[in-house]
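Work through the exercises below with the sequence and the 3D view open. Try each task before reading its solution.

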Amino acid sequence: MFRLNTLFAATLLGLSIVAAAQADPQIKFGVDPSYPPFEVKEPDGSLSGFDIDLGNAICAELKVKCVWVEQPFDGMIPALKAKKFDSILSAFSVTEARRKQVDFSDRLYSGPSALIAKENSGLLPNVDSLKGKTIGVMQGSSQEMFAKSEWSAHDVNVLSYQTQDQVYIDLIAGRLDAAFQPAVQGDIGFLQKPQGKGYAFAGEPLTDKRLTLDGVAIGIRKGDDALRGKLNTAIANIRASGEYDRLASKYFNFDIYGK
């Protein structure tokens with residue numbers, strides 16, 4: 001009798017755990033919190049930034065729990081495929097190369113890429129100007145792919161770093177002639193900070209389609225149409241309600257969504 005009661009209790013406990021899991025749906029977002037103002041890790045360990053706010057708003061719209069899983073950017077796609085998380089929400093630009101490996105939600109926002117160098121450096125984001133120079137990029141970024149495919153073959157030394165902060169450290173130390181990153185990130189995450197004093201955008205920002213086909217979106221495992229549909233519905237709803245604009249105004253004084 002005791003054995004039967006024990007088995008019965010264990011069965012009820014298992015059902016309770018399953019029911020609890022079903023009653024507490026969640027979405028796990030992969031994020032590399034080293035890319036202010038989009039995602040950053042605060043001193044207390046919490047995450048903040050525009051992407052974090054968007055993800056939390058999307059989860060609130062879908063009435064699910066938001067779970068953030070930290071992951072170095074260059075390992076995002078392998079970790080997504082390994083089901084370490086459900087989707088990538090980390091300033092993840094839509095590119096042809098990435099489309100071959102993952103699906104994407106509708107656009108979250110747009111933004112060009114830009115070169116940052118010392119003020120009055122005279123540098124421009126083209127091979128003639130950068131020949132013989134050393135440029136820092138973040139591993140796994142669309143800027144890395146572009147710089148290596150377009151500039152490396154023309155005597156431009158492109159160095160990849162695990163985090164964007166490491167790029168800026170070497171730029172300030174003089175080990176780099178310039179840094180190449182999203183313009184918004186470079187402006188707010190570096191130029192507007194004390195360590196960015198004496199630096200500026202070098203030339204006009206680049207909007208080349210090889211850098212980004214359709215702005216920034218959420219990366220999703222191939223074939224996960226159910227999740228993609230839910231995310232797209234939530235994105236449309238927070239834009240229609242004005243929540244998107246409210247969140248964006250905390251970080252930007254221009255239209256980050258784009259046309």
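**Exercise 1. How do the residues of the lining of the largest cavity divide into nonpolar, polar and charged?**

Step 1. The lining divides into 13 nonpolar, 10 polar and 3 charged residues. Here Ala, Val, Leu, Ile, Met, Phe, Trp, Tyr, Cys and Pro count as nonpolar, Asp, Glu, Lys and Arg as charged, and the others, Gly among them, as polar.

Step 2. The lining has 26 residues, and A91, S93, Q143, P182 and V216 lie nearest the centre of the cavity. A cavity is a set of points on a 1 Å grid over the protein atoms alone where a 1.4 Å probe fits but cannot get out, and lining residues have an atom within 4 Å of a point.

Step 3. Helices α6 and α8 (183–191) each supply at least two residues of this lining. Helices (H or I, at least four residues) and strands (E, at least two) are DSSP runs, numbered from the N terminus.

Step 4. The space in the largest cavity is about 250 Å³; a volume is the space filled by probe spheres set on the points, which are joined across faces, edges and corners.

Before going on, note that this is a predicted model, in which local features need pLDDT of at least 70, side-chain atom pairs count only at pLDDT 80 or more, and totals for chains, interfaces and linings use all residues. Residues are numbered from 1 along each chain as its sequence is written, and side-chain values use heavy atoms, with hydrogens and water left out.

**Exercise 2. Find the order and the edges of the sheet that contains β13.**

Step 1. The order in this open sheet of 5 strands is β5-β1-β6-β13-β7, with mixed pairing. Two strands pair if DSSP finds at least two bridges between them.

Step 2. β5 (65–70) and β7 (102–104) each pair on one side only, which makes them the edge strands.

Step 3. β6 (residues 87–88) and β13 (residues 219–221) run antiparallel and are joined by 2 bridges. The bridge partner of S87 in β13 is I220.

**Exercise 3. Which helices pack on the sheet that contains β8?**

Step 1. This open sheet of 5 strands has the order β10-β9-β11-β8-β12. Its twist averages 30° from one strand to the next.

Step 2. Helix α6 (residues 142–150) lies across β8, β9, β10 and β11, at about 130° to β11. Axes are lines fitted to C-alpha atoms, for helices over the stretch in contact, and angles run from 0 to 180 degrees between N-to-C directions.

Step 3. Helix α7 (residues 164–172) touches β8, β9, β10, β11 and β12, and its direction makes about 155° with that of β11. Contact means heavy atoms within 4.5 Å.

Conventions. 1 Å grid on protein atoms, 1.4 Å probe; cavity = no way out; pocket = protein on both sides within 12 Å on 5 of 7 lines; lining within 4 Å.
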